[in-house]
Amino acid sequence: MSYLDMFSLDHKVALITGGSYGIGFAIAKAYAQAGAKIAFNCRSQVHLDTALADYRAQGIDASGYICDVTDEAAVQTMVADICRNLGTIDILVNNAGIIKRVPMCDMEATDFRQVVDIDLVAPFIVSKAVIPAMIEKGHGKIINVCSMMSELGRETVSAYAAAKGGLKMLTRNICAEYGSANIQCNGIGPGYIATPQTAPLRQRQPDGSRHPFDRFIVSKTPAGRWGETKDLEGPAVFLASAASDFVNGQILYADGGILAYLGKQP
Ligand code: NAP
Ligand code: GCO
């Protein structure tokens, strides 16, 4: 197999959940450029319509679905439609996710459950929907979009950290249970990436100064900057391609070095 063939996604079908914008859109775009047929979903018709236009603008004929990843019946219907229209799903990226930033003792249990439902239970639901056909086909790739918070906590993100920590272990368990069926399940761990999800952390202050958290993250990141969605494209293609066929149960952090760094010494 040539070096380039190792990273090719030609003839593959990829489902990226939450692929209407942000990290999911960037990963789907990279997969399309590597040769894959793209399917994505989100909850909002407006986001879907905008995303389809954005994919077309990139020359990508993506298939979009309105599907809430926490709705198991809707997920199974979507997966069946994709299999019928595009073929068996070879690559699943469990990307759809939310965050609620609330001090734990002020957080309603319903809000905690909603974050866990979307960020952890849904990757279980969608993986369960695609694995049987992957087993039948003799191979599959599942990439779970984890987080710095799969490893670290911080104030106000208890539900998110619990979910993303669980997602790291779900990744390892899918590896353990289905590695023998030639399914590789790995996580990608983005650092702090400039997307709508982190926009509140980068918002300019009323006096025009940078957000304190923005300054904090830049100081804590050896790369000295926020990540951009394009920084995740290479790692995501690697985890979806034959180049990673003997990599399983791992979390690949694309974080600019932040997890390795104690912080600028005095
Ligand atoms: P984002 O900009 O908020 O995009 C989230 C995407 O998920 C949207 O397409 C959203 O579309 C979709 N979505 C949310 N809930 C859904 C549901 N229940 N069913 C179906 N689709 C749903 O987020 P992002 O920054 O790109 O993050 C994407 C993933 O990366 C998330 O799992 C996040 O936790 C993770 N992550 C982000 C960062 C970061 O710094 N940005 C770092 C590490 C990990 P609709 O609202 O239309 O449903
Ligand atoms: C936060 C951020 C982070 C990022 C990401 C870091 O509030 O701390 O939203 O959680 O989204 O998960 O890897």
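How many bridges join strand β1 to β4, and in which direction do the two run? In this predicted model, three bridges join β1, residues 13-17, to β4, and the two strands run parallel. One point of contact can be named by residue: Leu15 stands opposite Leu92 in β4.

Strand β4 also pairs with β5, a strand that spans residues 140-145. Here there are four bridges, and β4 and β5 again run parallel. Ile91 has Lys141 of β5 as its bridge partner. To get from β4 to β5, the chain passes through helix α5, which covers residues 109-137. The resulting β-α-β crossover is right-handed.

The side chains of β4, residues 91-94, can be read face by face. On one side are Ile91 and Val93, and on the other are Leu92 and Asn94. These four residues are all buried, so both faces of the strand are covered. Two of them have already appeared in the pairing: Leu92 is opposite Leu15, and Ile91 is bridged to Lys141.

The cysteines are a separate matter. The structure holds zero disulfides. For Cys42, the nearest cysteine sulfur is that of Cys67, 9.7 Å away, and Cys42 is in no disulfide. Cys67 is likewise in no disulfide, with the sulfur of Cys42 as its nearest cysteine sulfur. A disulfide requires two cysteine sulfur atoms within 2.5 Å, and the 9.7 Å between this pair does not meet that cut-off. Are these two cysteines buried or exposed? Cys42 is buried, with a relative accessible area of 8%, and Cys67 is also buried, at 3% relative accessibility.

Note on methods: Residues numbered from 1 in each chain as written. Chains lettered and ligands numbered in written order. Predicted model: local features only at pLDDT ≥ 70, side-chain atom pairs only at ≥ 80, totals over all residues. Heavy atoms only, no water. Buried < 20%, exposed > 50% of the residue type's maximum accessible area, 1.4 Å probe, protein only. Pairing = 2+ DSSP bridges. Right-handed = clockwise from strand over helix to strand, strands pointing away.
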